[in-house]
Amino acid sequence: MNEFLDLWGADLWTSTIQTFQMVGISLAISILIGLPLGVLLVLTRPGKALGNKYVYNVLNVIINVIRSVPFIILLFFILPFTKFIVGTSIGVKGVIVPLVVYTAPYIARLMESALLEVDRGVIEAYEAMGIKTRHIIWYVLIRESRSSIVLGLTIATIGLIGATAMAGLVGGGGLGDLAYRYGHLRYEVDVMYITVILLIILVQGLQSLGNYLAAKLKKD
């Protein structure tokens with residue numbers, strides 16, 4: 001084990017940090033895009049506060065189209081767009097754009113589902129009191145669905161970790177890149193096994209944390 005750590009320890013550490021960077025940056029940007037999109041999807045549904053079937057249908061179609069494309073295909077398909085936005089299509093910087101494009105619509109759909117779980121009677125009660133829509137969004141919709149939102153973000157984060165692993169195919173860095181370049185191409189099976197174990201630990205830890213936070217918010 002000591003010999004393995006001496007040989008691969010630095011690479012494993014660097015790849016783990018790169019994975020955290022990709023997940024952290026992509027998740028933050030995706031939430032900034034996906035949460036407002038999810039709220040907009042709910043509010044523009046027919047019969048809702050800002051009901052507009054045209055806006056809703058356009059958003060619905062765009063989100064469905066992006067979500068229907070597997071990440072590995074999307075990754076290569078938008079390479080020119082990625083290079084135009086960030087100036088490169090390789091490395092950690094080069095995979096942020098496709099990760100956001102892939103994750104933001106997913107989060108938007110998860111947020112929509114979470115917000116639709118809020119009791120319609122509660123919303124109508126606030127509307128009857130003349131509370132403004134923006135206040136209802138923050139103090140009712142988001143507050144009442146906090147537990148579901150946390151679980152949704154946990155699912156999205158785990159899916160994002162899987163996507164970062166695939167990003168290794170374009171030299172995106174991270175644990176996936178390490179497993180692909182050394183574990184698969186060079187038949188270093190020990191590297192492959194350790195990478196898989198690290199990813200399992202990461203996913204289990206995130207899921208446990210998400211479940212804990214969701215349960216705590218539900219009690220509050």
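Is A214 buried or exposed? In this predicted model, A214 is buried, with a relative accessible area of 4%. Since buried here stands for a relative accessible area under 20%, the value for A214 falls within that class. The residue has its place in helix α10, which covers residues 189-219.

A look at the neighbours of A214 helps to fill in the picture. Leaving aside residues up to four places away in sequence, A214 touches S147, V150 and L151. The pairing with S147 bridges a good stretch of chain: the two residues are 67 residues apart in sequence, and yet 4.3 Å separates their C-alpha atoms. Both S147 and V150 are themselves among the buried residues of helix α8.

Helix α8 deserves a closer look of its own. This helix runs over residues 146-166, a total of 21 residues. From the first C-alpha to the last, α8 reaches 30 Å, close to the 30 Å expected at 1.5 Å a residue. The buried residues of α8 are S147, I149, V150, G152, T154, A156, T157, L160, I161, A163 and T164. An α-helix has 3.6 residues a turn, so residues three or four places apart point the same way.

A second pair of helices, α6 and α7, offers another view of the packing. Two packed helices are described by the angle between their axes and the distance between the axes. For α6 (residues 120-128) and α7 (residues 133-144), the axes come within 10 Å and cross at roughly 150 degrees. Because angles over 145 degrees count as roughly antiparallel, α6 is roughly antiparallel to α7. The crossing of α6 past α7 is right-handed. On the α6 side, the contact is made by V122, I123, Y126 and E127, while α7 brings I136, V140 and L141. Sorted by class, the contact of α6 with α7 holds six nonpolar residues, one charged residue and no polar ones.

Stepping back to the chain as a whole, the model contains ten helices and zero strands, so to read the elements from the N terminus on is to read α-α-α-α-α-α-α-α-α-α. The C-alpha trace spans about 70 × 40 × 25 Å along its principal axes. Of the 220 residues in the chain, 38% count as buried, and A214 is one of the buried residues. Among contacts with a separation of 6 or more, 72% come from residues 24 or more positions apart. The contact of A214 with S147, across 67 residues of chain, is an example of such a pair.

Technical notes: Residues are numbered from 1 along each chain as its sequence is written. This is a predicted model: local features need pLDDT of at least 70, side-chain atom pairs count only at pLDDT 80 or more; totals for chains, interfaces and linings use all residues. Side-chain values use heavy atoms; hydrogens and water are left out. Axes are lines fitted to C-alpha atoms, for helices over the stretch in contact, and angles run from 0 to 180 degrees between N-to-C directions. Helices (H or I, at least four residues) and strands (E, at least two) are DSSP runs, numbered from the N terminus. Angles under 35 degrees count as roughly parallel, over 145 as roughly antiparallel, 65 to 115 as roughly perpendicular and the rest as oblique. A crossing is left-handed if the near helix is turned anticlockwise from the far one by less than a right angle, and right-handed if clockwise. Contact means heavy atoms within 4.5 Å. Ala, Val, Leu, Ile, Met, Phe, Trp, Tyr, Cys and Pro count as nonpolar, Asp, Glu, Lys and Arg as charged, and the others, Gly among them, as polar. The expected span of a helix is 1.5 Å times one less than its number of residues. Buried means under 20% relative accessible area, exposed over 50%, partly exposed in between (1.4 Å probe, protein chains only).
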